[in-house]
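I opened the model to look up its charge pairs, then its helices and surface patches. The entries follow in the order of the look-ups.

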Amino acid sequence: MELISQVLAVEDTAQVLTKEPIIPFAILLVVILVVPVVFERLRLPGLVGLVLSGVVLGPYGWNIFQTESPVMSLLADIGLIYLMFVAGLEIDLEQFRRKKSQVFGFGCLTFSIPLMVGILIGRSFGFGWNEAVLVGSILASHTLLAYPLINRLGVINNEAVSTTIGATVLTNLGALLVFALCLAANTANLGFWQSIPLFNSLIIYTIIVLLGCNWAGKEFFRRSGDDEGNQFLFVLLSVFLAAVGAQLIGVEKIVGAFLAGLAVNEAVGEGPVKEKVVFVGSVLFIPIFFVHLGLLFDLPTLFSSITTIKLTLLLVVGLIASKFIAALGAKLLYHYNWQEMLTMWSLSLPQVGVTLAATLVAYQNKLLSPTLLNSAIALMLLTSTLGSLMSSRFAVGLTSAIGKEKPSITPPYTDSGKRDNTPFTIVVPVHNPQTQQYLIEMAALLARQANGRIIPLAIATATAHMDAPKLEISLERSERLLLKAMALSKVLGVEAEPLLRIDDAFAQGISRSAREQKANLILMGWGKRTGLRARLFGNVIDSVLWSSHCPVAVTRLVESPKKIQRILVPVENLMAPTLQPMQFAQMLAEANQAQVTVLNVCERRTSSSKIAWRRSQLSLLVSKLALANPPEIQIIAHENVAQAILQAARLYDLVVLPFVRNRTSPGGLAISDVTTQLARQLTCSIVMLGEPQRTQSTVLPAGVPGSTAVV
């Protein structure tokens, strides 16, 4: 103890901290855990907080972290590659294909105009042509930082929004190719004619990665089946092989990482493997990259140098003006209205992923000066904040492409039900004796209302030998659970057919049994969704939601379902709403003689005319269900959607929510959603309704009043 005291007395605290790598790493984890949450509560992007944390903790602040630290540099490099990979992986290629002409037109405008503006700014400050073109490429890309917002508002299918999303492929890919050529030409001192072979090599490499990784990914995923571990490793291997390949032809590794993300995009799809890949990066490596970037940001020099201030202002003004001109050009070409044009402008403003990666690599290769690095980081901080705020204002009230058309209303399951006379079937996995009774009661209420049946399902985990004692114990336990379920079903007066299955895993057994039994609904109890292992590798509920062919209702029941009299259904998205939660709630309400309330929360500053419009939209939506007892409609003006729903839910016995999967922004940072907040804080009973991953179907069977579905 005395030795420690003497060391601390002699050495500076910062030096002691930097000597032991575990201490800075612990501080990093605290920053990553706390800072983004604080900034998101302030309605600012979390990545802004991470960069500012790096400024405070770096050599220009408290000097706790050093930029030349080997551990920090390694983690930041991995984060840089991961950032570019996720940027490619999160690009929606379907939007690109859907509106090819509009995407190509707007993509060329929003790439070429900022590129030329950046070149002019660079030349006006005396930069060489290579450095000036690089500045232009930095302005040419854009990051869809507001994607979670427009996804929550349900306006992704708006033509202007989908065009902007699709244009991300062109702007990011174009900016990276220009950046790669500039960097390679500067490193090898190549002239124009000498750079032509490099350009040809880059094009060939791009084609090989895009086509080769795409084909290899699809083949590997097809052959590996449900082995998510090997699929996860294959995706990571693709990233780093593409990065190594880029360096072999003299191109920076971030280009290969981005191309790898584009290449495996379709093979990975919107499945659990993608969720795990993005999770690993967004939780650890990408935030460390942003903190490391903050270490390089010399904030005092930015404000002390007139030249740096002028350059930063010109870059910001030039970017805003050029993106506005590009959006205006798209408006004139494709006849968008002003609100759509302003939304396109705001979505294309943030400069995060490609911009920061290219700037940092160029700075490390001494192609950019510290002045330009500071200006680029300031540009990122300003545009990411400004773009997100503008998108939250302009995107509200946009008309979705789905909203412009009359939804086609068809009775669900009528075809399959009439062909094979299969009754409405509810599969109820039984595993926890403490929740089993309420689950069976809920299933019985729904089955009686639909004149259907329930299938209590017990899964015994398979072993290498079918006579293993472990399997015998599992089978005995499953049989006891099924006997209890059958006794409950008999008391409740509902037809029940118990099913005992031996399978490798619970989730696979549930999904496969539901498909074999032609189930219309899977009714599950609440599972533990906390802990690192559950988040990284998923749990049974997550896996069933990903793989199921039919809707999945995940319940957390605090009292008997027979006592439920008031049901609340929050509807957040009026542009492209799903009728599933309303249908489920109404079906349960009719079985229980309960009352359903449909709730929508709008911003506090919403005018009375817009509130009236929302009420009419909800009334129109409810009328699609053709219910004998239509639900009550309630509109609340509140600045926080989750808090408003929590306050309203105090008067209700059950809240029915759509299952909303967490999605990361293309910057790689996790974005919290309203459903997650509600599930964590609600004290009443909850049903979270998840739809099949690939095909939309409905909960209600044919013949039940109000059984309609939006196709």
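**Salt bridges.** I counted a salt bridge where a side-chain nitrogen of Lys or Arg lies within 4 Å of a carboxyl oxygen of Asp or Glu. This is a predicted model, in which local features need pLDDT of at least 70 and side-chain atom pairs count only at pLDDT 80 or more, while totals for chains, interfaces and linings use all residues. Residues are numbered from 1 along each chain as its sequence is written, and side-chain values use heavy atoms, with hydrogens and water left out. My search of the whole structure returned four salt bridges.

**Glu497 and Arg453.** I looked up this pair and found its side chains in a salt bridge at 2.7 Å, N to O. The partners come from distant parts of the chain, 44 residues apart: Glu497 is in the loop between α24 and β4 (499-503), and Arg453 is in strand β3 (residues 453-461). Helices (H or I, at least four residues) and strands (E, at least two) are DSSP runs, numbered from the N terminus. For burial I used relative accessible area: buried is under 20%, exposed is over 50%, and partly exposed is in between (1.4 Å probe, protein chains only). Arg453 counts as buried because its relative accessibility is 10%. Glu497 has 32%, so Glu497 is partly exposed.

**Asp503 and its partners.** I noted a salt bridge between Asp503 and Arg501, with the closest N and O atoms 2.8 Å apart. Asp503 also meets Arg512 in a salt bridge, at 3.1 Å, N to O. Through shared partners, salt bridges join Arg501, Asp503, Arg512 and Glu516 into one network. Which members of the network are buried? I checked three of them: Asp503 is buried at 4%, Arg501 is buried at 17%, and Arg512 is partly exposed at 33%.

**Helix α3.** I took α3 (residues 22-41) next. The helix has 20 residues and reaches 29 Å from its first C-alpha to its last, close to the expected 28 Å. The expected span is 1.5 Å times one less than the number of residues. Its buried residues are Pro24, Leu28, Val31, Ile32, Val35, Pro36 and Phe39. Just after α3, Arg43 has a positive phi of about 65°.

**Patches.** I built patches from residues with over 30% relative accessible area and no salt bridge, joining like charges within 9 Å and nonpolar side chains (Val, Leu, Ile, Met, Phe, Trp, Tyr) within 5 Å. Accessible areas come from the Shrake-Rupley method with a 1.4 Å probe, and for residues only the protein chains shown count as cover. Val30, a residue of α3, joins Leu33, Val34, Val38 and Leu42 in a nonpolar surface patch of about 460 Å². I also found a negative patch, formed by Asp467, Glu472, Glu476 and Glu479. Lys and Arg count as positive and Asp and Glu as negative, with His and the chain ends not counted; the charge is placed at NZ of Lys, CZ of Arg, CG of Asp or CD of Glu. Glu479 sits in helix α24 (residues 469-492) and is partly exposed at 42%.

**Helix α12.** I looked up α12 (residues 228-248), which has 21 residues and reaches 30 Å, close to the 30 Å expected. Its buried residues include Phe232, Phe234, Val235 and Leu236. Gly250, just after α12, takes a positive phi of about 85°.

**Leu333.** My last look-up was Leu333, in helix α17 (residues 306-334). Leu333 is exposed, at 52%. Leu333 and Phe106 are 227 residues apart in sequence and 9.1 Å apart in space, C-alpha to C-alpha.
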